[in-house]
Number of protein chains: 2
Amino acid sequence: MQQQIIKGIQNGDRRMAARAISLIENEDVTRYSILSELFPLAGKAYVIGITGAPGAGKSSLVDRLLVTLRKRGLTVGVIAVDPTSPFTGGAILGDRIRMQEHALDKDIFIRSMGTRGSLGGLSRATKDAIQVLDAFGKDIVIVETVGVGQSEVDIIKYADTTLVVLTPAGGDSVQTIKAGIMEIADVFVVNKADLAGADRTVSEVSMMLDLGGTNRRWRPPIVRTITMDGTGTDEMYASIQQHREYLQESGQITKLREERARRDVIDLVEYRIKSSVWGQVSGSAEFEGLISRIMARELDPYTAAVQILGSINLDNCSV
Amino acid sequence: MQQQIIKGIQNGDRRMAARAISLIENEDVTRYSILSELFPLAGKAYVIGITGAPGAGKSSLVDRLLVTLRKRGLTVGVIAVDPTSPFTGGAILGDRIRMQEHALDKDIFIRSMGTRGSLGGLSRATKDAIQVLDAFGKDIVIVETVGVGQSEVDIIKYADTTLVVLTPAGGDSVQTIKAGIMEIADVFVVNKADLAGADRTVSEVSMMLDLGGTNRRWRPPIVRTITMDGTGTDEMYASIQQHREYLQESGQITKLREERARRDVIDLVEYRIKSSVWGQVSGSAEFEGLISRIMARELDPYTAAVQILGSINLDNCSV
């Protein structure tokens with residue numbers, strides 16, 4: 001089965017790419033050896049991240065971007081991540097529907113991913129799914145994720161160029177442009193730019209960029225878009241291209257990918273240790289005994305944790 | 001210093017409570033032994049969680065709730081957590097300003113916490129700060145956090161009663177009432193209930209609760225509030241009390257706290273392992289060698305992680 005999946009992905013079989021992502025989502029034991037074999041095939045795709053509050057119009061922007069990319073003959077994979085949703089895979093997420101028109105285009109691969117598992121594995125799964133689509137030969141992989149919390153920042157960190165989508169509506173802009181977001185944005189998109197307040201939003205972002213200091217070598221451009229009529233789509237694409245060129249010319253892309261490799265290996269190590277710890281500790285007599293003593297306030301959790309640490313065996317982490 | 005902090009907390013010295021929380025935030029090496037000593041003093045406070053999208057009016061609701069609680073002679077600690085903000089401690093977060101009027105009340109202790117560290121320690125720090133305020137003798141600890149992502153769910157899981165705040169505005173309600181939120185809400189608060197669409201929001205929530213099945217023993221009440229004039233504040237407080245009584249009469253409170261103790265010990269174990277792994281691996285020659293080979297595509301990160309796992313020593317995790 002494993003070889004069938006790898007061969008299938010090499011031969012452009014969509015079902016096999018979908019299958020590999022399902023194995024990743026389900027935390028199947030074979031996933032790491034599949035990913036390991038896919039690794040030499042990957043490393044060519046350029047990853048674009050799109051994030052923003054619910055209702056900011058991210059899906060419509062992805063729609064527009066897809067048309068632009070396809071016109072240029074580029075093949076595209078889209079991973080739509082919703083950390084607050086348990087829906088995944090085949091499920092049609094509300095605004096995913098509009099993207100379905102692209103589903104018949106064989107050079108576009110769209111996949112939704114939702115919350116799975118309890119080990120915080122969504123950003124891990126997203127990273128691995130990007131690699132599948134990269135190995136599958138997609139020129140561009142778009143990762144769309146909702147919101148501005150830490151889990152979303154964790155997900156978007158795998159992007160080469162990150163677009164942060166804001167809207168003039170709701171006066172949320174200042175709330176949204178928190179430090180974490182300022183740092184991850186390579187391009188700001190003020191969507192629904194026909195609404196009142198668009199100018200204010202643009203100047204707020206600009207002001208915050210000014211406050212951020214002058215020593216950053218890339219100043220994120222602010223693009224206005226209206227998805228209804230496509231206004232700003234070309235400018236948005238041009239900004240992505242400019243950022244890509246900046247990363248390449250400055251050598252930043254190498255640093256970025258090296259840093260990502262570091263984080264990736266550490267993440268994998270931690271993730272495996274966590275799975276192993278959970279497997280050994282949860283339900284064990286020693287653990288339950290400690291919990292009873294904590295409930296009786298005879299023992300504090302900090303001391304209990306130290307005791308547990310003494311009895312953990314990492315030898316079976318490698319599975 | 002450590003003994004001074006513990007004695008100070010026992011004697012109601014606010015500065016020492018603040019000091020302990022700062023040590024927690026800064027991941028000071030002494031924090032676990034302080035928390036360990038505070039543990040026997042804690043376990044009495046009732047924890048109320050309040051979460052919702054930015055702009056939903058959480059801070060104003062906390063304001064109202066503070067007045068209600070103080071009228072009943074209860075002492076209160078407030079921890080305002082913003083996972084998207086690097087601001088913390090003394091910093092005045094925008095809508096925190098309104099709470100400042102309570103700052104002169106010696107029976108109210110208010111603290112903001114923002115993102116610190118890279119190990120995802122915010123929910124850990126929140127849990128530990130709750131314990132400090134509990135040991136400090138506060139009857140009620142309110143944890144307020146923004147948003148609906150996974151990191152916020154992680155933070156709010158330490159609450160005994162969780163209020164999810166929605167607003168009629170923006171049509172965001174359906175987006176917000178995602179599965180994760182449905183599960184954590186013990187009370188729904190439809191704030192800004194004077195706005196058009198409040199009825200629709202209430203009936204949407206009610207419908208989703210109906211769809212959730214009939215076998216849950218506690219059906220979260222839906223309370224309408226208007227913070228401007230205080231409408232619904234008493235009802236909100238009554239709902240919290242009802243939920244508290246339900247937890248106590250059904251014995252759920254014991255199950256909840258036992259489950260929390262389990263998760264807490266596991267979290268502590270994982271957190272210490274992560275810190276230890278990071279300390280041993282980051283910057284080491286072996287690690288950098290593996291990263292170079294990954295960059296050259298000679299080695300994949302999955303295989304690299306397995307190699308690293310073989311060389312990790314957990315003996316120094318207990319610090």
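A residue is called buried here if 20 or more other C-beta atoms lie within 10 Å of its own. By that criterion, 7 of the 7 residues of strand 4 (residues 140–146) of chain A are buried, and the strand is mostly covered. The structure described is a predicted model.

**Strand 4 of chain A**

In a regular strand the side chains alternate between the two faces of the sheet. Strand 4 of chain A has A:I140, A:I142, A:E144 and A:V146 on one side. On the other side are A:V141, A:V143 and A:T145, and both faces of the strand are covered.

Strand 4 of chain A pairs with strand 1 (residues 46–52) of chain A through 7 bridges, and the two run parallel. Within strand 4 of chain A, A:E144 stands opposite A:I50. Strand 2 (residues 76–82) of chain A also pairs with strand 4 of chain A in the parallel sense, over 6 bridges. Here A:V141 of strand 4 stands opposite A:G77.

A:V143 also belongs to the largest nonpolar core, which has 153 residues. Together with B:V143, A:V143 touches the most other members of that core. Beyond its neighbours within four places in sequence, A:V143 is in contact with A:V47, A:G49, A:I79, A:V81, A:T126, A:I130, A:I155, A:I156, A:Y158 and A:A159.

**Other elements of chain A**

A:I108 lies in strand 3 (residues 108–114) of chain A. A:I108 counts as buried because it has 21 C-beta neighbours inside 10 Å. A:I108 and A:K58 are separated by 50 residues in sequence and by 17 Å in space, taken from C-alpha to C-alpha.

Helix 1 (residues 2–10) of chain A packs with helix 3 (residues 31–38) of chain A: their axes come within 10 Å and cross at roughly 35°. The crossing of these two helices of chain A is right-handed. The residues that meet are A:Q2, A:I5, A:I6 and A:I9 from helix 1 of chain A and A:S33, A:I34, A:E37 and A:L38 from helix 3 of chain A. An α-helix has 3.6 residues a turn, so residues three or four places apart point the same way.

**The sheet of chain B**

In chain B, 7 strands form an open sheet with parallel pairing, in the order 3-2-4-1-5-6-7. Strand 3 (108–114) and strand 7 (222–224) of chain B stand at the edges with a single partner strand each, so one side of each has no neighbour in the sheet. On average, neighbouring strands of this sheet are turned by 20° against each other, direction ignored.

Three of the strand pairings in chain B are listed below, each with a residue pair.

| Strands of chain B | Sense | Bridges | Residue pair |
|---|---|---|---|
| Strand 1 and strand 4 | parallel | 7 bridges | B:V47 and B:V141 |
| Strand 2 (residues 76–82) and strand 4 | parallel | 6 bridges | B:A80 and B:E144 |
| Strand 5 (residues 161–166) and strand 6 (residues 187–190) | parallel | 4 bridges | B:L163 and B:V187 |

Strand 4 (residues 140–146) of chain B is mostly covered, with 7 of its 7 residues buried. B:I140, B:I142, B:E144 and B:V146 point one way from this strand, while B:V141, B:V143 and B:T145 point the other way.

Helix 10 (residues 233–249) of chain B lies across strand 1 (46–52), strand 5, strand 6 and strand 7 of chain B. Relative to strand 6 of chain B, helix 10 runs at about 170°.

**Two helices of chain B**

Helix 4 (residues 58–71) of chain B has 14 residues and reaches 20 Å from its first C-alpha to its last, close to the 20 Å expected at 1.5 Å a residue. Since 10 of its 14 residues are buried, helix 4 of chain B is largely enclosed by the rest of the structure. Among the buried residues are B:K58, B:D63 and B:R64, along with B:L61, B:V62, B:L65, B:L66 and B:L69. B:G73, just after helix 4 of chain B, takes a positive phi of about 80°.

Helix 5 (residues 122–135) of chain B also has 14 residues and reaches 20 Å between its first and last C-alpha, close to the 20 Å expected at 1.5 Å a residue. Helix 5 of chain B has 14 of its 14 residues buried, so it is largely enclosed by the rest of the structure. B:G137 follows helix 5 of chain B and has a positive phi, near 100°.

Terms used: Residues numbered from 1 in each chain as written. Chains lettered and ligands numbered in written order. Predicted model: local features only at pLDDT ≥ 70, side-chain atom pairs only at ≥ 80, totals over all residues. Expected span 1.5 Å × (residues − 1). Buried ≥ 20, exposed ≤ 12 C-beta atoms within 10 Å, placed from the backbone. Core = buried A, V, L, I, M, F, W, Y, C linked by C-beta atoms within 7 Å. Contact = placed C-beta atoms within 7 Å. Pairing = 2+ DSSP bridges. Axes fitted to C-alpha atoms, helices over the stretch in contact; angles between N-to-C directions. Left-handed = near helix turned anticlockwise from the far one by under 90°.
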